Amino acid sequence: AATAAVTAARRGADDAARSMRAVLDAFAVGEDALREWSVTTSDALRVSTENALALTKAHTSVTHTGVAEITNAVDVATALVAEQQKLLHDAAARLAAFAENADSRVTDLIDL
């Protein structure tokens with residue numbers, strides 16, 4: 001009976017040792033997976049950060065360029081409007097002078 005108890009105890013200890021090895025192997029697989037995930041996540045985060053910085057730089061450059069182009073277009077349009085206002089003012093002055101001369105001509109014709 002004592003031999004059977006010792007044999008059963010040894011079998012139980014062997015089974016417990018195998019179970020413990022299986023658990024440790026599972027932990028090792030989990031640790032490897034976690035390490036791989038950590039490296040992959042770090043790489044993805046680094047690439048995402050680089051991409052975000054590149055996009056920010058490109059956006060800033062495009063924004064500055066766009067603002068400069070808009071400012072130049074507004075300046076050109078303002079100059080054109082000013083030129084058109086001057087031409088319109090000159091045309092109005094010439095028309096007024098023509099009208100004044102026409103009135104004096106009508107008076108001259110009536111006096112004939």
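This report walks through the fold, surface and salt bridges of the protein shown above.

The model is a predicted one, in which local features need pLDDT of at least 70 and side-chain atom pairs count only at pLDDT 80 or more, while totals for chains, interfaces and linings use all residues. Residues are numbered from 1 along each chain as its sequence is written, and side-chain values use heavy atoms, with hydrogens and water left out.

## Overall form

Let's start with the fold: the protein has 1 helix and 0 strands. Both kinds of element are DSSP runs, with helices being H or I over at least four residues and strands being E over at least two, numbered from the N terminus. The radius of gyration is 47 Å, well over the 13 Å that the globule rule gives for 112 residues, so the protein is more spread out than a compact globule. For reference, that radius is taken over C-alpha atoms, and the rule is 2.2 Å times the number of residues to the power 0.38. Along the principal axes, the C-alpha atoms fill a box of roughly 160 × 20 × 10 Å.

Two pairs help to give a feel for distances along the chain. G12 and V29 are 17 residues apart in sequence, and their C-alpha atoms are 25 Å apart in space. For E69 and A4, with their positions 65 residues apart along the chain, the C-alpha separation is 95 Å.

## Surface

What percentage of the 112 residues is buried? The share is 0%, where buried means under 20% relative accessible area, exposed means over 50%, and partly exposed lies in between (1.4 Å probe, protein chains only). G12, found in helix α1, is partly exposed at 36%. E69 also lies in helix α1 and counts as exposed at 53%.

The protein exposes about 9800 Å², with carbon and sulfur atoms supplying 66% of it. These areas come from the Shrake-Rupley method with a 1.4 Å probe; for residues, only the protein chains shown count as cover.

M20, V23, L24 and F27 make a nonpolar surface patch of about 410 Å². Patch members have over 30% relative accessible area and no salt bridge; like charges are joined within 9 Å, and nonpolar side chains (Val, Leu, Ile, Met, Phe, Trp, Tyr) within 5 Å. Of these patch residues, L24 has its place in helix α1, which covers residues 2–111.

## Charges and salt bridges

The protein carries 10 positive and 16 negative charges, and their mean positions are 20 Å apart. Lys and Arg count as positive, Asp and Glu as negative, while His and the chain ends are not counted. Each charge is placed at NZ of Lys, CZ of Arg, CG of Asp or CD of Glu.

How many salt bridges are there? The count comes to 4, with a salt bridge being a side-chain nitrogen of Lys or Arg within 4 Å of a carboxyl oxygen of Asp or Glu. The table includes some of them.

| Salt bridge | N to O distance |
|---|---|
| R35 and D32 | 3.0 Å |
| R46 and E50 | 3.4 Å |
| K86 and D90 | 3.0 Å |

R35 and D32 are 3 residues apart in helix α1, a separation of about one helical turn. R46 and E50 are 4 residues apart in that helix, again about one helical turn, and so are K86 and D90.

As for accessibility, D32 is partly exposed at 44%. R46 is partly exposed at 44%, and E50 is partly exposed at 44%. K86 is exposed at 52%, whereas D90 is partly exposed at 29%.
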